[in-house]
Amino acid sequence: MSETGPGEVTTGTVLEKAQPPAPDDDTVGSGVRRFWSARRISAGLLALLLLAVAAMFLYDIVAVRAGRPAMSWRRELADQLAGRPLDDIWVLLGAGVATVLGLWLLLLALTPGLRSLLPMRRTHPDVRAGLDRDAAAMVLRDRAMETAGVRSVRVRVTRRRADVRAVSHFRELDDVQADLRAVLADAVGRMALSRPPVLAVRVRRPGRKG
C-alpha cells in the first residue's frame, strides 16, 4: 500500500483522514464505517435544475409585478391544474414521476454509496483505509494461480462474498479445492478487511474441445 496524504486516492486503495463520526454513519464490523460518496454529479444536476426552475418563476413574477403579462406557459399550466381532475392520467403520471424522483433522492441521501470500496481495519485513529473490490479480486486471483493444479481462475468480490471459480487440469479436485481454500483464506486475512468476505470456492475440470 503506497503512502498518501489525507484524502488522496491510490490505485486499489484509499486513505482518508478520519472525520468526526456522524450520527447517521453506517457502522460496519468492529466500529469501522463504510465510505460515504459525496455524489457531486447528482447533487450538481439537481442544483442546476432547481436553479433553472426558480429563475424562470422568479423572472415571470417580476415581469408580472412590472405590469407585463405572465408567460404563456405559466398561464397554460395554471389553467390545466385548475381544470383537470385529480384522477386525470396526466396528473397521475406527473405525481408518479415526482414520487419516483423523491424516493431516488431519499435513497441517495440515506445510503453510503461507494460500494466498490471495502473498509479495512483501522490501525490508526486518524486514518481510514479502503481496498477496491477489483484490487481484492486481483490479489485473490494471483494467489489462486500459485496453487498447484490450477489452470485458470475467475474471482468476483462483493462486500460480503468472494466467489472463486477455478479450472484444474491435474491433481484430485478435492485436494486442489482444499489447498485453494487455505491459500485464499490466508490472502483474505492479510487484506485486513473490517468484514472479510465469505469464500465460495469451486473447482472443475476443463471442458472437452469440440
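**Exercise 1.** Determine which residue of β8 stands opposite A166, and how β7 and β8 pair.

*Solution.* A166 stands opposite V203 in β8. The model is a predicted one, in which local features need pLDDT of at least 70 and side-chain atom pairs count only at pLDDT 80 or more, while totals for chains, interfaces and linings use all residues. Residues are numbered from 1 along each chain as its sequence is written, and side-chain values use heavy atoms, with hydrogens and water left out. Next, β7 and strand β8 (residues 198-204) pair in the parallel sense over 7 bridges, where strands (E, at least two residues) and helices (H or I, at least four) are DSSP runs numbered from the N terminus, and two strands pair if DSSP finds at least two bridges between them. Finally, β7, helix α5 (residues 173-190) and β8 make a right-handed β-α-β unit; right-handed says that, with the strands pointing away from the viewer, the path from the first strand over the helix to the second runs clockwise.

**Exercise 2.** Describe how β6 pairs with β7, and establish how many residues of β7 are buried.

*Solution.* Strand β6 (residues 150-157) pairs with β7 in the antiparallel sense over 7 bridges, and R154 stands opposite R165 in β7. The two strands form a hairpin, with 3 residues between them. As for burial, 6 of the 8 residues of strand β7 (residues 161-168) are buried, so this strand is largely enclosed by the rest of the structure; here buried means under 20% relative accessible area, exposed over 50%, and partly exposed in between (1.4 Å probe, protein chains only).

**Exercise 3.** Classify the aromatic pair of the structure, and state where its two residues lie.

*Solution.* A pair of aromatic rings is described by the distance of the centres and the angle of the planes. Rings of Phe, Tyr and Trp (its six-membered ring) pair if their centres lie within 6.5 Å, and planes under 30 degrees apart count as stacked, over 60 as edge-to-face and the rest as tilted. The structure holds 1 aromatic pair: the ring centres of F57 and W73 are 5.3 Å apart and the planes stand at 80°, so the pair is edge-to-face. This pair links distant parts of the chain, with F57 in helix α1 (residues 40-65) and W73 in helix α2 (residues 72-83), 16 residues apart. F57 is partly exposed at 33% relative accessibility, and W73 is partly exposed at 31%.
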